[in-house]
Every structure is written in structure tokens, then in C-alpha cells.
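I set aside this session to go through the model element by element and to write down what I looked up. The entries follow in the order in which I made them.

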Amino acid sequence: MLDVPENIHGNNKRFLFIRSLLESRSCTSVLDVGCGNGIHLTAPLAEAFPQIMFVGIDSDAATMKIAEDFAHKHHLTNTRFCVDAELNSEEKFDVVIASEVIEHVEEPGNFLLFLRSKLREGGIIILTTPNGYGAFEIMTALETPLHLLGVMNILSKLPGLRSLKVGKSYDTGNVADLQADTLAISPHVNFFSYQRLLTLFREAGLHLLQYRPRALFGGLGFQQLLRSEDALRWNAYASDGKSPYLVSGWMFVLEKSTREPQQHFSYHRRFNERIRRALTAKRWGTTT
């Protein structure tokens with residue numbers, strides 16, 4: 001059985017949340033948009049629901065090859081993986097998953113319209129994303145200039161602070177070591193507030209059916225402190241009942257609303273978001 005271990009972002013909690021939603025619905029097809037290598041979500045869900053066909057798409061062909069090989073190794077015959085452009089434009093699904101994707105896309109409103117267009121009648125979208133002003137994103141915003149100044153490289157070499165190093169990134173400059181779910185380097189370009197995201201949902205003609213937080217803390221410092229299985233499980237479930245403004249990540253269930261969606265979006269980032277985006281792009285060696 002494929003294991004989904006808990007981590008600082010609440011990966012196991014996300015898996016269980018989506019699994020419970022699929023158990024409660026009658027569906028035959030699921031589209032996982034931006035699925036990455038599929039190891040932490042698409043494949044475990046496919047194993048849990050052999051009667052459902054899972055289609056995973058992503059922008060990176062090499063990552064899709066990893067997903068295909070993993071599914072084949074584990075005899076998951078109810079999966080199909082392809083790059084975005086290869087998906088049949090007419091194909092629709094009972095459930096569309098977009099987990100930790102919308103924070104990476106240039107035009108999030110148009111992205112929501114795409115997700116909406118892939119739904120069958122009565123279908124749902126399951127969307128997860130970080131709180132742009134939660135602990136994880138705040139700590140990442142603090143870490144980024146330290147990384148650019150070389151401070152993190154120095155600190156990670158000091159006795160007792162090696163846990164600050166993620167993979168080989170500070171030793172070799174290999175940013176792919178920090179992108180465990182995909183070979184594509186795609187830093188965050190959006191940092192949503194809760195209300196702004198709800199507004200985007202409404203403008204895209206989507207109705208919020210259910211919301212649940214994913215994790216309480218995250219980012220530099222917290223990922224060093226909260227390392228045991230018990231601590232990670234506490235971090236995931238301690239977020240339940242907390243204000244959406246206080247948690248690190250969100251999980252939403254959406255359906256088509258009776259409101260007609262906007263046909264085109266032009267997303268305007270606030271000044272602090274443009275600064276954060278520019279620094280993040282410099283850190284990862286991408287362009288803004």
C-alpha cells in the first residue's frame with residue numbers, strides 16, 4: 001500500500017481529506033492538474049479507488065515520465081499522465097484537483113476558468129494553496145533574502161544547524177533538490193489573502209462548498225522544530241477551528257455557481273506581492 005507520510009505542509013491530511021470526498025461521491029473520473037510526479041497524491045488516490053480513472057497533467061514532460069514509471073511499477077492501470085497540451089480539450093471530469101498549483105500561475109482567474117471548463121455537470125473542484133500571509137509564506141519571504149546574501153549557506157554548515165540545508169541546494173546550487181514533486185522549477189508568483197481568493201472564486205463563477213485548513217505552521221524554523229511524526233500530525237490538525245487568516249495552507253471544495261463567470265481576467269498583484277515575486281524569481285533563477 002502506498003504511504004503518504006505527514007509533513008510540515010499536511011500532506012497526509014490533504015490525502016485523507018480528498019479520499020473522504022471521493023468516498024462520499026459517485027464518480028468515475030478525476031483530473032489532477034499540476035500533478036507533478038504523482039507520488040504524493042495521484043498515485044495513492046488511484047490505488048485507493050481502482051474503479052476511478054485518474055488523469056494527471058503537468059507542464060513538464062520529464063516529470064510526467066517519472067509519474068508514468070511510478071504508476072507502472074505499482075500496477076496502477078487506472079492512471080494516465082500527459083503534458084497539458086496533450087489533454088483532450090473536450091474531455092470533462094467528475095472531480096478536478098488543483099493542489100498547490102494556483103500560486104504558480106500567471107493569471108489565476110483564467111486558471112480557475114480552465115478548471116471550471118473541465119467539470120462535468122454536478123462535478124467539484126478540489127483546490128489547495130498556501131495562505132500568502134500565513135507562517136509558511138512569511139518565513140519563506142524572510143528566508144529568501146538570507147539565501148540571496150549567502151547567509152543560509154553559511155548557517156547550514158555550522159554545528160547543529162545542518163537541518164537548515166534542504167537536499168544539496170546550498171552545497172551545489174541545485175534548485176531541483178528543493179522541488180521534490182517536480183523536475184520543473186516553478187516558484188510562487190501569487191501570494192493570496194483569504195478574501196482575495198474568495199473574490200476570485202466568485203468572479204470565476206464558482207461557489208464555495210467546503211473549506212478546511214491544511215496546516216498551522218510552516219517554513220524556516222518550524223520545519224526544523226516540528227520533525228517528529230507526532231509533531232507533524234499536531235501541526236496539521238491544530239489548524240482545524242483556527243481562523244483562515246492564521247493558518248499556513250487552505251483546502252477548498254468548489255462547484256459551478258449560478259453566476260456567469262468573467263470571460264477574461266487580468267490579475268493585479270499588490271506592491272508587496274510584486275517585491276516578493278521578484279525576490280523569489282531571483283532566488284530560483286527564473287524570470288518575472
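**Helix 4 and its surroundings**

I began with what lies over the buried residues of helix 4, and found that their cover includes strand 1, strand 4, strand 5, helix 8 (194-203), strand 6 and strand 7. I keep in mind that this is a predicted model. The buried residues themselves are Pro108, Gly109, Phe111, Leu112, Leu113, Leu115 and Arg116, that is, seven of the ten residues in helix 4, which is therefore mostly covered.

**The sheet**

I then traced the sheet, which is open and has seven strands in the order 3-2-1-4-5-7-6, with mixed pairing. Its edges are strand 3 (79-83) and strand 6 (206-215), each of which pairs on one side only. From one strand to the next, I noted an average twist of 15°. Helix 4 (residues 108-117) packs on this sheet, touching strand 1 (29-33), strand 2 (53-58), strand 4, strand 5, strand 6 and strand 7 (249-256), and its direction makes about 145° with that of strand 5. For one pair in the sheet I looked closer: strand 4 (residues 93-99) and strand 5 (residues 119-130) run in the parallel sense and share six bridges, and the bridge partner of Ser99 in strand 5 is Thr128.

**The cores**

Which residues have the most contacts inside the largest nonpolar core? I found Leu112, Leu115, Leu127, Phe201 and Phe252, in a core of 35 residues. Strand 1, strand 2, strand 4, helix 4, strand 5, helix 8 and strand 7 each give two or more residues to this core, and the largest share, five residues, comes from helix 8. Leaving out residues up to four places away in sequence, I listed Leu112, Leu127, Leu206, Phe252 and Leu254 as what Phe201 touches. Another core, of 30 residues, lies apart from the largest one, with Phe15, Phe49, Ile52 and Met64 among its members.

**Helix 10**

In helix 10 (residues 229-237) I found Ala231, Leu232, Asn235 and Ala236 buried. They lie on the same side of helix 10, because they cover an arc of only 135° around the axis. On the other side, Glu229 and Asp230 are exposed. The cover over the buried residues of helix 10 includes helix 1 (11-23) and strand 6.

**Confidence**

Last, I checked the pLDDT, which averages 91 over the protein chain, with 91% of the residues at 70 or above. Over residues 166-179 the pLDDT is below 50, although this stretch has 31 contacts in the model beyond near neighbours in sequence. Where pLDDT is low, the predicted coordinates should not be read in detail.

Conventions
Residues are numbered from 1 along each chain as its sequence is written. This is a predicted model: local features need pLDDT of at least 70, side-chain atom pairs count only at pLDDT 80 or more; totals for chains, interfaces and linings use all residues. Side-chain values use heavy atoms; hydrogens and water are left out. Two strands pair if DSSP finds at least two bridges between them. Helices (H or I, at least four residues) and strands (E, at least two) are DSSP runs, numbered from the N terminus. Axes are lines fitted to C-alpha atoms, for helices over the stretch in contact, and angles run from 0 to 180 degrees between N-to-C directions. Contact means heavy atoms within 4.5 Å. Buried means under 20% relative accessible area, exposed over 50%, partly exposed in between (1.4 Å probe, protein chains only). The arc is that of the directions from the helix axis to the C-beta atoms. pLDDT is the predictor's confidence in each residue, from 0 to 100. A nonpolar core is a set of buried Ala, Val, Leu, Ile, Met, Phe, Trp, Tyr and Cys residues joined through side-chain atoms within 4.5 Å.
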